[in-house]
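Visitor: I'm new to this structure and would like a close look at one part of it. Could you take me through the inside, and then show me what lies around it?

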Amino acid sequence: MNAPPFPQNPYLLLTPGPLTTTSSVKWAMMQDWCTWDDDYKEIVQGIRRELVSLATCELGYTAVLMQGSGTFGVESVLTSAVPPNGKLLVLANGVYGQRMVRIARKAGIRVCVNDSGETKPPDLDRLKSMLSIDPSITHVAVVHCETTTGMLNPILEIGNIVNAYGKVFIVDAMSSFGGIPLDMAQLHAAFLISSSNKCIQGVPGFSFIIAKESELRQTRNQARSLSLDLFDQWETMENDHGKWRFTSPTHVVRAFAQALAELKEEGGIEARYHRYAKNQVLLVSGMKALGFQPLLPESLHSPIITAFRYPGHPGFDFGEFYRLLKQRGFVIYPGKVTDIDTFRIGSIGDVHEEDISRLLDAVKQSMFWTEPVSEEWKQEFAIMTENDARYL
């Protein structure tokens, strides 16, 4: 039986993950692997070594791969790293920070929250105050890129404060690792968590944790879950040269190895960051020209995803807007902000400036057919865009 032709993507994913991948990453999944075979285990070991090299130049760090989505990785760290007598402080300014709070409470971990609201960065003075007042806090966690809004949180400043107070720093770098340069040692981060389907540009199936080995060793026998036991997963991979405790997503792992090779070919994290940043700047300038305003001030933007307010006419229907964009080959994200009507557009994945330019053309076309729209609005919209070089 002949294999069917390789399908083409019907649309570009402009989301924070899963995201648009290259054809070569997809092709890497077209082979079956045995989980205990030495060739496969060496792929796993190569991934682990490469992840550590991307995270820091310092010695003493290691990587653990964990089945499941990024949230599985976050839950693995929180439920393994915080001891029974410990206490977690979460700096939350969006859905994913609040999710860490929910994980902690569900697991019976003592937790307190520094909640700055969805449109403001973490309050660092309050962080210092909370650490001064409550010596029982042992661990501090924050989301680097809070994709609720696209905000980039100041993890270097937070890490310096956490280190000064002698606490363990946990960074959810789900949507930033591989796309924004960072160094775990400089951040004083003991644990950094990300996922296979984000800026490395692999496909969904596993999360990974990069950890300071001395801190990871202290998590022995602390896990509140069998399958998410971070220490046991790491020890098995160490002792059995890349073997996972339970069945691993072999096809996803092989695709991730290919994605890591393509990251290196592109020029590494720095080069990928510049591509993403160019995408995001073009996106924001083009959307502004079309009458859309970003939710956040520019100083808080990340190159990962941008939240936009609904436009200022009452006829805007996001569901219809989404449908029309999808017909034209683009999928975007609905908003997650509690009190403001927004939607989000990602600028990561196998996406380039010409793709963003095509998106902006599609947005312009879709706006004309989102009903009901008054003739006055159409005329105003035409005036806004008539001198924009992208539409001449």
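Guide: Here is a walk through the nonpolar cores, then one helix, then the pockets. Keep in mind that this is a predicted model.

Let's start with the largest nonpolar core, which has 80 residues. Seven of them touch the most other members: Leu51, Leu65, Leu88, Leu89, Phe177, Phe191 and Ile210. Looking for the element that gives the most to this core? That's helix H2, residues 38-55, with eight residues. There is also a second, separate core of 24 residues, and among its members are Leu12, Phe292, Phe321 and Ile356. As a general rule, nonpolar side chains in soluble globular proteins tend to be buried together.

Now zoom in on Phe177. Leaving aside residues up to four places away in sequence, Phe177 touches Leu51, Leu54 and Ala55. Its other contacts, counted in that way, are Leu182, Leu192, Ser194, Cys199, Ile200, Phe208 and Ile210. Two of these partners, Leu51 and Ile210, are also on the list of core residues that touch the most other members.

Next, find helix H6, which covers residues 155-164. Its buried residues are Ile155, Ile158, Gly159, Ile161 and Val162. These five lie on the same side of H6, because they cover an arc of only 165° around the axis. What do the buried residues of H6 pack against? Three strands are involved, E3 (87-92), E5 (139-143) and E8 (168-172), along with helices H5 (124-133) and H7 (184-187). After H6 comes Gly166, with a positive phi near 70°.

Finally, the pockets. The largest pocket has a volume of about 330 Å³. It is lined by 21 residues, and those nearest its centre are Thr71, Tyr96, Arg99, Met174 and Lys198. Helix H3 (70-81) and helix H4 (95-106) are the elements that give two or more residues to this lining. Sorted by class, the lining of the largest pocket has nine nonpolar, nine polar and three charged residues.

The second largest pocket holds about 220 Å³ of space. Of the 13 residues that line it, Gln280, Val281, Glu298, His301 and Ser302 lie nearest the centre. Helix H11, residues 268-289, gives the most to this lining, with seven residues. By class, the lining of the second largest pocket has seven nonpolar, four polar and two charged residues.

Key: Residues numbered from 1 in each chain as written. Heavy atoms only, no water. Core = buried A, V, L, I, M, F, W, Y, C linked by side-chain atoms within 4.5 Å. Buried < 20%, exposed > 50% of the residue type's maximum accessible area, 1.4 Å probe, protein only. Helix = DSSP H or I, 4+ residues; strand = E, 2+ residues; numbered from the N terminus. Contact = heavy atoms within 4.5 Å. 1 Å grid on protein atoms, 1.4 Å probe; cavity = no way out; pocket = protein on both sides within 12 Å on 5 of 7 lines; lining within 4 Å. Points joined across faces, edges and corners; volume = space filled by probe spheres on them. Nonpolar A, V, L, I, M, F, W, Y, C, P; charged D, E, K, R; others polar. Arc of directions from axis to C-beta.
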